[in-house]
Amino acid sequence: MHILKTINLEKRYGKGNNEVIALKPTNLVIEEGEFVAVVGPSGSGKSTLLHLLAGFDNPTKGSVIIDGKDITEMSERELSVFRRRKIGFVFQFYNLIPVLNARENVELPLILDRRKIDKSYIDELFMLLGIADRMDHMPSELSGGQQQRVSIARALAAKPSIIFADEPTGNLDSKNSEEVMDLLRLTLKKYHQTMVMVTHDLGIAETADRIIRIEDGAICQDIKSKQKSFF
Ligand code: ADP
Ligand code: ADP
């Protein structure tokens, strides 16, 4: 079963002579449970693609269908509710709220939606991510690696259909990157979660189920890891 599908998804910035085609018409299908790495040179359109998929940005043409719903047809209000329920996002710079502690940061998306908080699930997330003893700490009291683990717990808190991550290890040293990626992979596997991650780190991309390479606004390579091991 696929969880995400794009139909002729296209993004242009600017007008006339200044027009930039950041994403050429793209048809992409992502299966449930897949861990997809998106790689490519700087300026190739990786962030544009991720932001369109997550509904942070409107396409110039085409659609994004998540869980059978066309997010490009939704009103702002519908989209923000859908995003909090169905989409998790992990940023390079964590984006935690500095005046809330770790647990409050993770629970905030649920509180905003007046949803029941599954305490044992939240506790389990903190445990799986190795930060159970940091639940009551403020972001300023946590290392970069710990803040990123809190932001992963936040992305997973609402049990979303799909998670997007934009260079989640881009601000971490190699030891922390490896730890965060190992914990993230285990957690995703445990909940059979789908993730699309932009990364510059080819070592990390190699551990994905599928690598999509973007160049000049178009997908130029799409390899599944099963195929990788055959060649
Ligand atoms: P990547 O994430 O691979 O570095 P981006 O998706 O950020 O690439 O950018 C793709 C192209 O779109 C680049 O040429 C970039 O300059 C252009 N671009 C991105 N965002 C904007 C914007 N807000 N306005 C104009 N051009 C943009
Ligand atoms: P890491 O190995 O993740 O880079 P650090 O060396 O930055 O970790 O931090 C080591 C420990 O010190 C961590 O457990 C963290 O919780 C704690 N710590 C880091 N910064 C602060 C701070 N500003 N206030 C309180 N504790 C901190």
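**Exercise 1. The polar contacts of ligand 2**

In this predicted model, an oxygen atom of ligand 2 is 2.7 Å from an N or O atom in the side chain of S143. Task: find which residues surround ligand 2, which further polar approaches accompany that of S143, and how the shell divides by class.

Solution. Step one is to collect the shell, which consists of R134, S140, E141, S143, Q146 and N176. Step two is to examine the atom pairs against the cut-off of 3.5 Å for a polar contact between N or O atoms. The side chain of Q146 places a polar atom 2.8 Å from an oxygen atom of ligand 2, whereas E141 approaches through its backbone, with an N or O atom 3.2 Å from a nitrogen atom of the ligand. Of the 560 Å² that ligand 2 exposes when taken alone, the protein buries 43%. Step three is to sort the shell by class, which gives 4 polar and 2 charged residues and no nonpolar ones.

**Exercise 2. The site of ligand 1**

Task: establish which residues surround ligand 1, which element gives the most to that shell, and how much of the ligand's area the protein covers.

Solution. Step one is again the shell, made up of Y13, V20, A22, P41, S42, G43, S44, G45, K46, S47 and T48. Step two assigns residues to elements: strand 2 and helix 1 each supply at least two residues, and helix 1 gives the most, with 3 residues. Step three turns to the oxygen atoms of the ligand, where a polar side-chain atom of T48 lies 2.6 Å from one oxygen atom, a polar side-chain atom of S47 lies 2.7 Å from an oxygen atom, and a backbone N or O atom of G43 also lies 2.7 Å from an oxygen atom. Ligand 1 has 560 Å² of accessible area on its own, and the protein covers 57% of it. By class, the shell divides into 4 nonpolar, 6 polar and 1 charged residues.

**Exercise 3. Tracing the antiparallel sheet**

Task: derive how the 4 strands of the open sheet with order 2-1-4-5 are joined, and explain why one side of strand 2 and one side of strand 5 lack a neighbour in the sheet.

Solution. Step one follows the order from strand 2: this strand is joined to strand 1 (residues 2-13) by 8 bridges, the two running antiparallel, and within this pair L4 has I30 of strand 2 as its bridge partner. Step two passes to the pair of strand 1 and strand 4, which is antiparallel with 5 bridges, K5 being partnered by I65 of strand 4. Step three reaches strand 5, joined to strand 4 by 2 bridges, again in antiparallel fashion, with I65 standing opposite D70. I65 is thus a residue shared by the bridge to K5 and the pairing with D70. These two strands form a hairpin with 2 residues between them, and D67 in the turn has a positive phi of about 55 degrees. Step four answers the remaining part: strand 2 (20-31) and strand 5 (69-70) each have a single partner strand, so one side of each is left without a neighbour in the sheet. Finally, helix 1 (residues 46-53) lies across strand 1, strand 2 and strand 4 (61-66), and runs at about 125 degrees to strand 1.

**Exercise 4. The mixed sheet and its helices**

Task: describe the order and edges of the open sheet of 6 strands, and determine which strands helix 2 and helix 6 meet.

Solution. Step one gives the order 6-7-8-3-9-10, with mixed pairing. The edges are strand 6 (87-90) and strand 10 (218-224), each of which pairs on one side only, and the twist averages 15 degrees from one strand to the next. Step two looks at one edge, where 4 bridges join strand 6 to strand 7 (residues 162-166) in parallel, F89 having F164 as its bridge partner. Helix 2 (residues 76-86) packs on the sheet there, touching strand 6 and strand 7, and its direction makes about 75 degrees with that of strand 6. Step three places helix 6 across strand 3 (35-39), strand 7 and strand 8 (194-198), at about 155 degrees to strand 8. Step four considers helix 4 (residues 119-128), whose axis comes within 10 Å of that of helix 6 (residues 174-190) and crosses it at roughly 145 degrees. There E124, L125 and L128 of helix 4 meet L183, T187 and K190 of helix 6, a contact of 3 nonpolar, 1 polar and 2 charged residues.

Note on methods
Residues are numbered from 1 along each chain as its sequence is written. Chains are lettered from A and ligands numbered from 1 in the order in which they are written. This is a predicted model: local features need pLDDT of at least 70, side-chain atom pairs count only at pLDDT 80 or more; totals for chains, interfaces and linings use all residues. Side-chain values use heavy atoms; hydrogens and water are left out. A residue is near a molecule or strand if one of its heavy atoms lies within 4 Å of it. A polar contact is a pair of N or O atoms within 3.5 Å; within protein, one must be able to donate a hydrogen and the other to accept it, and residues adjacent in sequence count only if both atoms are side-chain atoms. Accessible areas come from the Shrake-Rupley method with a 1.4 Å probe; for residues, only the protein chains shown count as cover. Ala, Val, Leu, Ile, Met, Phe, Trp, Tyr, Cys and Pro count as nonpolar, Asp, Glu, Lys and Arg as charged, and the others, Gly among them, as polar. Two strands pair if DSSP finds at least two bridges between them. Contact means heavy atoms within 4.5 Å. Axes are lines fitted to C-alpha atoms, for helices over the stretch in contact, and angles run from 0 to 180 degrees between N-to-C directions.
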